[in-house]
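Hi everyone, thanks for coming along. Please bring the model up on your screens, and I'll talk you through a few parts of it.

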Amino acid sequence: MRTSRLLLRRARAQVGLLALVALLVAVVAATVAGTLAATLGGARDGARDALAAAGPDGALQVSTRLDTDDPEGQRAAADDALADALGGRPVEVSRTLRSLSLAVDAGDGEGGRSLVLAAEPDLARVAHVVDGDWPPAAGTAGTTDDPDPVALHAGAADTLGVAVGDTLVVTADGGVQRVLRVAATWLPDDPDDPRWAGEALVATGTGDAAGPAVIDEAVLAAVPGIDLVRWTVVPDLDRIGPGDLAPVADGLDRFVADAQASVESGGLSTTGGLVDALRRTDAALTAASAVTGAALALVAVVAVVALAQVARLLGAVRATETTVLRSRGTTVGQLTAAAGLEALAVSVPPALVGAGVAAAVVGRDAEPAVVVAATLAVVAAGVTTLTLGARAAAARAGDRGDPAGRRSRSVATGGVVLVLLAAALATWRLVRSSTVAAPAADGAAGPPAAAEPAAVAAVPLGVLAVALLAAAALPALTRAVARVVGRRSGLVVPLAARQVARRAAVYSVPVVLVTLATATGALAAVHVGTTAEQRRTAAAASAGADVRLVLRDVPPPVADAPPPTDGLDRFGRAAAPVLRATAGSASRVGTLLAVPSDAAADVVRADGVPGLRAALDPLAPAPGWPLPAGTTAVRVAADVDGAATAARLWWAAPDGVLRATTATGADGTWAAPPPGPGSWTVQGVELAVAGGVARQVVVSGLVAEGPDGDVDLLGAGPWTVAVPGGDPLVVTADGPDPTLPATGSAVAVVRVLPGAAAPLPLVVSADWAAADGLAVGSPVTVRVDDHPIEAVVAAVQPVVPGAPGRAALADLRAAGSALLAAAPVPPVPTEVWFATDDPSATARAVRAAADEGGLRATVTTAAVGADDPLTRGAGAALVVAAACALAVALPGVAAAVLALARARRAEVGVLRALGVPPRAQARGRGAETGTVLGLAVVVGALGGLLLGAVLGPALVRVVATGPAALVVVPTVQPGVLATLLGVAALGCALVALGDGARVRRHAATATVREDAR
C-alpha cells in the first residue's frame, strides 16, 4: 500500500477527532487574529483620534523672517532639513508667508487701519469661498488700472466694509503703495484645523489688524517690508500609526535644531504643541499595551494548552495502531513526518477560515499583515504541537505503564514553584511601576507611566499560577473525598470518587483549561469594575464636589459690595464658597484651595482620599472678634502716627467669606454697622495712612455697641499689627501702642488683626510634599498670588480634591486672615461647591441663578466623562481575552473528557455485568465530570477575584490618566462576572451531560467480551 493511501486511511479512521482538531485550530486562529487585529487597530485609531482632537496643539509651526536676499536658498535649506529629519514619515508640511501689518485704505477715508497680507498656496483645500471666485495664481501690476487680485477673509471684509470687486490700497515701507482688488472672500473650513496652528486672525479675520488677504507669493515679494515665512507640520492622520509617534516627535525636534542652524533669518520661533501631543499619546499607548499585551498572552497560553490536550488525545486514541506500526518496523521519524503532514492538512485550511472570520468581524481595523502574521503563528503553533505530541506518542508506543499517570504527574512541583516565583516577581514589578506617575509641568497628572516589560507578564503568569495550583491540589483533594465517601453504601458514588482520585493527573488538563478561562473572566470583571471606579474617583477628585460653580471675569473686590458668590449657596444639600489662588514654594507653582472647615466634610468629595476627613480636623478657623447677638455697630478708637485718614472694617461671614465696609468718623474714632443680619466676626481693622510712613500704632478701643450695652472686643485676647505688601510686616502687639520697625518702603494701609501671629495650617498633596521634602509639622513659606504667607503642614494627602496635582487646602477664614496680613487686596472666593443627590438638576438650577444675576460662570459636575480614545481598548482587552479563552478552552475540555472516556471504555462493560444499569452509570459519570469541572469553575473564579484584588488597581493605575496617588479600590463588575462565569458553567455542564449520555449509550450495548477484547 502506498504511503499516501495509508495516511488517508489512517486519517479517515479518526475523521471525527480530526474534525475537532480542525475546529479548535479555526477557533484559535479566529481568536488570536481577531484579538491582535482589534488591539492594534484600536491603538492606531486611538492615536489618530487623540491627535485629531488636539486642535491647534496638533501642529508645529516654525517661523522666521523671509531671507529677501536669497529666498530660494532659504527654501532649499528648509526642504533639506525637513527631508533629513522627517523624510518618509507620515506628516504633511505646508509653507506659507505673512507680512507684518500694513496700512490700508478701503476707499472710505477712514484711517488708522491695517491689513496682513499672506501667501497660502493650498488655501482652496482648507477654506471655501463665501463670495466671488478664487483669484488666479499670478499677480498683475498692482496699480489702479491693473490691481492685484486678492482673496480676503470674510471677517476682514466686514471689518473694512468692502465686498467683491472693491479695491484696497496698502502702503508698505518707504511709502510704496499697492492696489488690490477683492476677487473673493473666504472662510476656513475649520478654524481649529491644526494646519492653522491656532492663528486667531484666521478664526475671526480681525484683531490688531484685518486679514489675511491672500495674494500670490510673487506679489507679496514686490511689497517692501518684513515678511515671515512659516513651515507648518501636521501629522497625516490617514497614515500615522502608534509606531510613528516617537520617531516623528524626535524628527520634529531635529528639524527645529537644523532650522536654527541653516534656515533662520533674524531669529526663529516655534508654536504649537505637536511634539508634546505625540509624546503624550505614545506614552498613553505604551501604558495601555501593558493590559492589551497581557490579554494577548492569556489567549496564547490557553490556546497552547488546548492544542496540547488535543494532541495528547489524538496520540491516546492511536496508541494501539502506533504500537502495531512500531512493531512492524516503522521508525519514530517516519511517524513524526506523517504526523507533520497530517497536522498541516488539519491546521492550514481551518486557520485560514478562522482568520477570514476574524478579519470580517474586526472590519476595517484589521490590518492584512497583522491577520497574516497571526495566522502563520497559529499554524506554526498547531503543527508544532500536534507533531510533537505524535512524536511523543510514537516514542512511548508499547509502554504498558499506568494509564492513570501515577508514575508521572502532568504538573511538576518544580514547575509550579517556578511559575509562582515568576508571577510574584512580575506582580511586584507591576505594582511598583504603577505607582510612578509622569507629572506634567503644571503639577497635574501627566501621561500614565508605562509598565516595565517584565511587569506585563504579571497577568498571564498570575492566571497560570492559579490554574497550576488548582491542578496540583486536585490529587490531594480527590483522595480526601474518596476516603470520605468510600464508606458509603452503593457502588456508583464511591467508585466515581475513587476513579477521580486515581486519574487526578489526567483530569488536571481540563481543570487547568477551565481554571484558566474562569480566572481570566473573574480578573476581567474586576478590571472592568475597577476601571469604572477609578474613572469615577478621578472625576470626583477633579471636580472636588458633586457640583462646582466657577465665576469668570470677576472684578477686584471693593468695599461695601457683597462678594460675587453672595446668594449662590442656596442649592443642593450643602454648599460652601471656595477660594482658589495660585500658590508657590521652593519647587514650582501650584494651587491653594480655601474651604470653610466646618462645611468641608459635607461638601468636599473624598473619593480616592480616604484620610481626608481626619486631615480636615487641624484646619480650624482663625481667631476673630465675634459680635454679640444684636450688635448694631462696632466702634474703633485707633490711629497711626496721628495721621490715619480713613478706616475699614473687615468682616467674616458665617461661611468664612471676607467682606470690607467703610467706617465713618474722623480723628481716630471710627464706627461701622455689621454688613447684615447673622453671626458676624470682625477679622480686622484697616487704617489708611497719610504720608506713606507708619511707626506708632495706637489702638485704644474696639467696642461692639448693642441693646445690652457696649462689649469690649479688644480685651478678648492678643492682637497683631500687619503692614501688607510685597514684603509684609506682622508684629504681635505687646501693649495698646506698638511701635513698628522701619519698613523701608511706602505704607498705604495698616491692619489690626485679632490673635497672635501664627502659621496657616495646610493639607498638602503628596506631589507637593515629595517635591519640597515636606512632612507633617514642616514649616513652609507659600506665595499666594505672589504674597508670602507663613504656613505649616498639618497633613499630607494623596491629592487635594478639586485641584489634582500640586495643591494645598486651608480653612477659608484662616486663609482670609493670613491674606489680610499679607495682601493689600485679599482675593475673594469665586467658586461655590455643592453637595447634592441630583447633580444634574442642581447644576441646571445653579447655572440659571448665575445667568439671572448676570454672572459669567462655568458649572461642572463630578460626572464621568467620555472614554479616553487612547485607553478605551485596554478596558475591554481582558474581557475579550476571557471570551476568547472560553471559546478555546471549552473545545479543549471536551477533547480531554472524550480522551478520558475512551480510556475508560473497559469499565463500562464490567459495571454493566455487575448489574449497574446504564442510567446509573451515566449519572455517576456525569456527576464525576461535572463535579471536577464545577470545582475548577469555582476555584478559577475565586483565584481570579483574588488576583484582581492584587493586580486590578495596579493595571488601572498604569493605564489611567488620573493622579497616580489616588487610592483605587478593587471593584467587581457583576454583569461581566455573571456572564463569563455563566458561559463557563454552562459549557462545563454541557460537557458533563454529553459525557454521561455517551456512557449511557455505550453501557446499553457494552459487554465484558467486547471490552476484554
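Let me start with a definition: two strands pair if DSSP finds at least two bridges between them. Helices and strands themselves are DSSP runs, with H or I over at least four residues for a helix and E over at least two for a strand, numbered from the N terminus.

Now the ground rules. This is a predicted model, where local features need pLDDT of at least 70 and side-chain atom pairs count only at pLDDT 80 or more, while totals for chains, interfaces and linings use all residues. Residues are numbered from 1 along each chain as its sequence is written, and side-chain values use heavy atoms, with hydrogens and water left out.

First, the overall picture. The protein chain holds 27 helices and 31 strands. Its C-alpha atoms fill a box of roughly 125 × 90 × 45 Å along the principal axes. The radius of gyration of the protein chain is 40 Å, whereas a compact globule of 1013 residues would have one near 31 Å. For the record, that radius is taken over C-alpha atoms, and the globule rule is 2.2 Å times the number of residues to the power 0.38.

How much of the chain is buried? Of the 1013 residues, 51% count as buried. Buried here means under 20% relative accessible area, exposed means over 50%, and partly exposed lies in between, with a 1.4 Å probe and protein chains only. On contacts, meaning heavy atoms within 4.5 Å, we can look at pairs at least 6 apart in sequence: 81% of those join residues at least 24 apart.

Let's zoom in on strand β29, which covers residues 807-811. Five of its five residues are buried, so β29 is largely enclosed by the rest of the structure. You may remember that in a regular strand the side chains alternate between the two faces of the sheet. In β29 both faces are covered: A807, L809 and D811 are buried on one side, and A808 and A810 on the other.

Who are the neighbours? Strand β14, residues 589-595, pairs with β29 in the parallel sense over five bridges. Within that pairing L593 stands opposite L809, and V595 has D811 as its bridge partner. Strand β26, residues 760-765, runs antiparallel to β29 and is joined to it by two bridges. There, V763 is the residue opposite L809.

Going one strand further, β14 is mostly covered too, with five of its seven residues buried. Strand β13, residues 574-584, pairs with β14 in the antiparallel sense over six bridges, and one of the bridge partners is V589 in β14, matched with G584.

Back to the end of β29, and my favourite residue. What is the nearest side chain of opposite charge to D811? R813 is, at 5.6 Å, and D811 is buried yet has no salt bridge. A salt bridge here needs a side-chain nitrogen of Lys or Arg within 4 Å of a carboxyl oxygen of Asp or Glu. As for charge, Lys and Arg count as positive and Asp and Glu as negative, while His and the chain ends are not counted. The side chain of D811 does have a polar atom 2.9 Å from the backbone nitrogen of A814. Leaving out residues up to four places away in sequence, D811 touches A594, V595, P596, S597, L619, A620, P621 and A622.

Elsewhere, salt bridges do turn up: the count comes to 28. D236 and R239 form one, with the closest N and O atoms 2.8 Å apart. D236 counts as buried because its relative accessibility is 12%, whereas R239, at 47%, counts as partly exposed.

R279 and D250 form another, at 3.1 Å between the closest N and O atoms. This pair links distant parts of the chain, with R279 in helix α9 (residues 274-317) and D250 in helix α8 (residues 245-262), 29 residues apart.

Then there is R536 with D607, meeting at 2.6 Å, N to O. R536 sits in helix α17 (residues 504-543) and D607 in the loop between α18 (597-603) and α19 (612-615), so the pair ties together parts that are 71 residues apart in sequence. R536 is partly exposed at 30% relative accessible area, and D607 is buried at 15%.

One last stop: R98, E120, R195, E199 and R230 are linked in a network of salt bridges. Thanks, and over to you for questions!

Notes. Polar contact = N/O pair within 3.5 Å; in protein donor to acceptor, adjacent residues only side chain to side chain.
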